[in-house]
Amino acid sequence: MRVRTGARSDIGRLRQRNEDGYLIKEPLFVVADGMGGHRGGDVASALALETIGSAASPGGTAKGLVDDIKRANRAVLERGDSDRDLRGMGTTLTAVLTEDAKAHVVHVGDSRAYLLRDGALQQLTEDHTLVQRMVREGRLTED
């Protein structure tokens with residue numbers, strides 16, 4: 001499998017600080033986006049990436065990645081509980097672990113994963129949001 005990586009982030013027009021982060025530690029690729037409008041989104045995304053990055057090993061497995069993400073979630077929750085200014089902080093997270101001819105995708109929140117193949121994009125993940133649930137239930141249309 002051939003993997004090409006690149007990373008770029010844009011703070012946008014409304015935010016005061018960038019809450020995006022990424023980790024490239026082949027064969028692991030992770031994007032975290034702090035929850036905008038909440039306290040400490042930038043701290044949450046950085047802490048999640050740091051936790052996953054410190055645990056990731058070159059021979060990692062999909063199950064190990066899931067365990068690492070659970071550990072990162074606990075770290076974010078514990079930090080929010082211990083620091084009043086960070087209560088309620090959170091982050092989305094999308095990760096890809098390549099292994100032989102496979103790519104394992106792990107996803108929490110609404111940072112999407114796409115497959116680009118032969119010039120066409122295919123969305124691989126479904127947002128974990130109220131709006132997406134309403135679309136799935138037929139209460140809203142995709143539009």
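These exercises work through the sheet, the helices, a hairpin and two residues of a predicted model.

**Exercise 1. The sheet**

Give the strand order of the sheet and identify its edge strands.

*Solution.*
Step 1. The order is β1-β2-β3-β4, and these 4 strands form an open sheet.
Step 2. Pairing in the sheet is antiparallel.
Step 3. An edge strand pairs on one side only; here the edges are β1, residues 20–25, and β4, residues 102–108.
Step 4. From one strand to the next, the twist averages 10 degrees.

**Exercise 2. The β3 and β4 pair**

State how many bridges join β3 to β4, and find the bridge partner of T98.

*Solution.*
Step 1. Strand β3 spans residues 91–99.
Step 2. It pairs with β4 in the antiparallel sense, over 7 bridges.
Step 3. T98 has A103 of β4 as its bridge partner.

**Exercise 3. Helices on the sheet**

Determine which strands each helix meets, and at what angle the helix runs.

*Solution.*
Step 1. Take helix α1, residues 41–55: it lies across β1, β2 and β3.
Step 2. Its direction is at about 160 degrees to β2, the strand of residues 28–34.
Step 3. Now take helix α2, residues 62–82: it packs on the sheet and touches β2, β3 and β4.
Step 4. The direction of α2 makes about 160 degrees with that of β3.

**Exercise 4. Helix against helix**

Classify the packing of α1 and α2 as parallel, antiparallel, perpendicular or oblique, then describe the contact.

*Solution.*
Step 1. Read the geometry: the angle is about 140 degrees and the axes are 9 Å apart.
Step 2. Apply the cut-offs: roughly antiparallel needs over 145 degrees, and roughly perpendicular covers 65 to 115.
Step 3. The angle of about 140 degrees fits neither class, so α1 and α2 are oblique to each other.
Step 4. Their crossing is right-handed.
Step 5. List the contact residues. From α1 come V43, A44, L47, A48, T51, I52 and A55. From α2 come L65, D68, I69, R71, A72, A75, V76 and R79.
Step 6. Sort them by character: 11 are nonpolar, 1 is polar and 3 are charged.

**Exercise 5. The hairpin**

Describe the pairing of β5 with β6 and the turn between them.

*Solution.*
Step 1. β5 covers residues 114–117 and β6 covers residues 120–123.
Step 2. The two pair in the antiparallel sense over 4 bridges.
Step 3. Match the partners: Y114 bridges to Q123 in β6, and L115 stands opposite Q122.
Step 4. The strands form a hairpin with 2 residues between them. In that turn, D118 has a positive phi of about 55 degrees.

**Exercise 6. G109 and Y114**

Decide whether G109 and Y114 are buried, partly exposed or exposed, and place each in the structure.

*Solution.*
Step 1. G109 lies in the loop between β4 and β5.
Step 2. Its relative accessible area is 13%. Buried means under 20%, so G109 is buried.
Step 3. Setting aside residues up to four places away in sequence, G109 touches T92, E126, D127 and H128.
Step 4. G109 and A120 are 11 residues apart in sequence, yet their C-alpha atoms are 24 Å apart.
Step 5. Y114 is found in strand β5.
Step 6. Its relative accessible area is 40%. Exposed needs over 50%, so Y114 counts as partly exposed.
Step 7. Beyond four places in sequence, Y114 contacts L121, Q122, Q123 and L124.
Step 8. Y114 and L124 are 10 residues apart along the chain, with their C-alpha atoms separated by 5.3 Å.

Conventions
Residues numbered from 1 in each chain as written. Predicted model: local features only at pLDDT ≥ 70, side-chain atom pairs only at ≥ 80, totals over all residues. Heavy atoms only, no water. Pairing = 2+ DSSP bridges. Axes fitted to C-alpha atoms, helices over the stretch in contact; angles between N-to-C directions. Contact = heavy atoms within 4.5 Å. Parallel < 35°, antiparallel > 145°, perpendicular 65-115°, else oblique. Left-handed = near helix turned anticlockwise from the far one by under 90°. Nonpolar A, V, L, I, M, F, W, Y, C, P; charged D, E, K, R; others polar. Buried < 20%, exposed > 50% of the residue type's maximum accessible area, 1.4 Å probe, protein only.
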